[in-house]
Amino acid sequence: MKTVLYFCLIACLFHLSHHLQGQNYCNIITFDATKEWIAIVNFNSINNITGSNGGYGDYTNISTSITQGQNYPLTLTPGFANNLLNEYWKVYIDWNQNDVFDTNELVFQSNTASSQSVSTNITVPSGANLGSTRMRVLMRWNEPPIDACTIYDFGEIEDYTLNIVANQACPVEGSISCSTPSTGNTIGANSGNLLNNCVVSTDNAPTHWYVFTGTGDSLSITTCSANTDYDTKLFVYSGDNCNALNCITGNDEMLSACSHSFTHSQVEFSTVPGLTYYILVSGWNTSAGNYQLTTNCTPTSNSGGGNNGGGNNNCPNNLTLNNNITDGTYEAASSVSSDGNINPNNNVNFHAGSHIDLLPNFNVPINTDFSAKIINCASSKPLPNDSIPFSIQKP
Ligand SMILES: [Ca+2]
Ligand SMILES: [Ca+2]
Ligand SMILES: [Ca+2]
């Protein structure tokens, strides 16, 4: 029945390649949208009701504004000429605005074929580039669309424009990576004074925000540089969005560790793969100026024996701590999911390969056990999430 439609191959190829001329995005070629098509695209303020567009609907003149870090519902509805048919969907958004729908920019794919509407929620990445970009909706009969560009047989594609705007609680300058320095100037920037103190006071200085997606490495970030010309502070938070951030670490002065100025700052912490970290470049009191952020990622390694090589997230067989701790048994401290200090009287979570230090004033209740829960590690001895005892060395 549908084979006859392949006869229009040449005509359709010509038609669509002509239709898409002048666009930077990959061309798309569909063969037939006479039996089924994209009928409704509903995303934030977009509610576009259409019939068959002959395989491609260019609705880039229709746009909606969406905010970094926020969620938006998306509902897609197929339309049919006659019988209901089962359709698969994919949606891409070019978050980094490089005119390519990268594989990690697939924001939705339906798992089953359906003749009904499908719905999902789209989260705008905190590090999505600000400004105008493209959303592409693909619908294909009976089989999932292969990618954002590949030729297929029955269905339709529609393009829309999205305007990415900053979250005013933490307007993000961009993403930082493991090894590429970032430079900026905070003079005249928004203040980050809505946040609670995080290790050091947050003050009222103008701020810049960055995001970093966890790699599992230990990440160090410093403003120590000849290109930094003011008294900086650095803060690191994690969270789903910047309206609900958790303090990871903060620093004001590097002191003698920075050869350029003792007022520059440095933080280091273990990252959880895939977790979003918010990096706040701030200043002491109301200080502002030029800065250079230098980043360095190193595979994490724990302080004890038994780890099967650094950075591979294998569960360690045992851990030892080389700290100046008095004899006795110990109650573990607050959950830490990264390198850091253990605070008194809590239990400890940390990631395989993390390094932890006990503070000199670590509280040691008598007759209590000290244990750590190893999470996010790969081997079976001990099992992930098993608690294993620390071996504490005598001073
Ligand atoms: Ca349509
Ligand atoms: Ca892209
Ligand atoms: Ca400082």
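Strand β14 (residues 232-238) runs antiparallel to strand β17 (residues 276-283), and seven bridges join the two, where strands, like helices, are runs assigned by DSSP and numbered from the N terminus (E over at least two residues for a strand, H or I over at least four for a helix), and where two strands are said to pair if DSSP finds at least two bridges between them. Within this ladder, V236 stands opposite I279 of β17. Strands of a sheet pair through backbone hydrogen bonds, in either the parallel or the antiparallel sense.

The model is a predicted one, in which local features need pLDDT of at least 70 and side-chain atom pairs count only at pLDDT 80 or more, while totals for chains, interfaces and linings use all residues. Residues are numbered from 1 along each chain as its sequence is written, and chains are lettered from A and ligands numbered from 1 in the order in which they are written.

The pair β14 and β17 belongs to an open sheet of five strands, whose order is β10-β12-β17-β14-β15 and whose pairing is mixed. At its edges lie β10 (172-175) and β15 (246-251), each of which pairs on one side only. Neighbouring strands of this sheet are turned against each other by 25 degrees on average, with direction ignored; the axes behind such angles are lines fitted to C-alpha atoms, for helices over the stretch in contact, and the angles run from 0 to 180 degrees between N-to-C directions.

Another open sheet consists of four strands in the order β2-β1-β4-β7, and here the pairing is antiparallel. Its edge strands are β2 (46-49) and β7 (118-123), each pairing on one side only, and from one strand to the next the twist averages 25 degrees. Inside this sheet, β1 and β4 are joined in the antiparallel sense over seven bridges, with F43 opposite L74 of β4. On its other side, β4 pairs with β7, again antiparallel, over six bridges; L76 stands opposite V118 in β7, and P73 has N121 of β7 as its bridge partner.

The chain as a whole holds one helix and 24 strands. Of its 395 residues, 38% count as buried, a residue being buried if 20 or more other C-beta atoms lie within 10 Å of its own, exposed if 12 or fewer do, and partly exposed in between, with C-beta atoms placed from the backbone. Among contacts with a separation of 6 or more, 68% join residues 24 or more positions apart, a contact requiring that the C-beta atoms of two residues, placed from the backbone, lie within 7 Å.

The buried residues lead to the nonpolar cores, each a set of buried Ala, Val, Leu, Ile, Met, Phe, Trp, Tyr and Cys residues joined through C-beta atoms within 7 Å. The largest has 28 residues, of which W89, V91 and V137 touch the most other members. At least two residues each are supplied by β1 (36-43), β4 (71-80), β5 (87-93), β8 (131-141) and β9 (155-165), and the largest share, five residues, comes from β5. Leaving aside residues up to four places away in sequence, V91 touches L74, V107, F108, M135 and V137. Apart from this core lies another, of 27 residues, among them Y210, V236, I248 and V267.

Three loop positions complete the picture. N44, in the loop between β1 and β2, has a phi near 50 degrees, a positive value in a residue other than glycine, and N44 counts as partly exposed because it has 16 C-beta neighbours inside 10 Å. D99, in the loop between β5 and β6 (106-109), is likewise not a glycine and has a positive phi of about 65 degrees; with 12 C-beta neighbours inside 10 Å, D99 counts as exposed.

T186 is found in the loop between β11 (182-185) and β12 (208-213), and T186 counts as buried because 23 C-beta neighbours lie inside 10 Å. Although T186 and T207 are 21 residues apart in sequence, their C-alpha atoms are 5.8 Å apart in space. Not counting residues up to four places away in sequence, T186 touches P206, T207, H208, V281, G283, A288, G289 and Y291.
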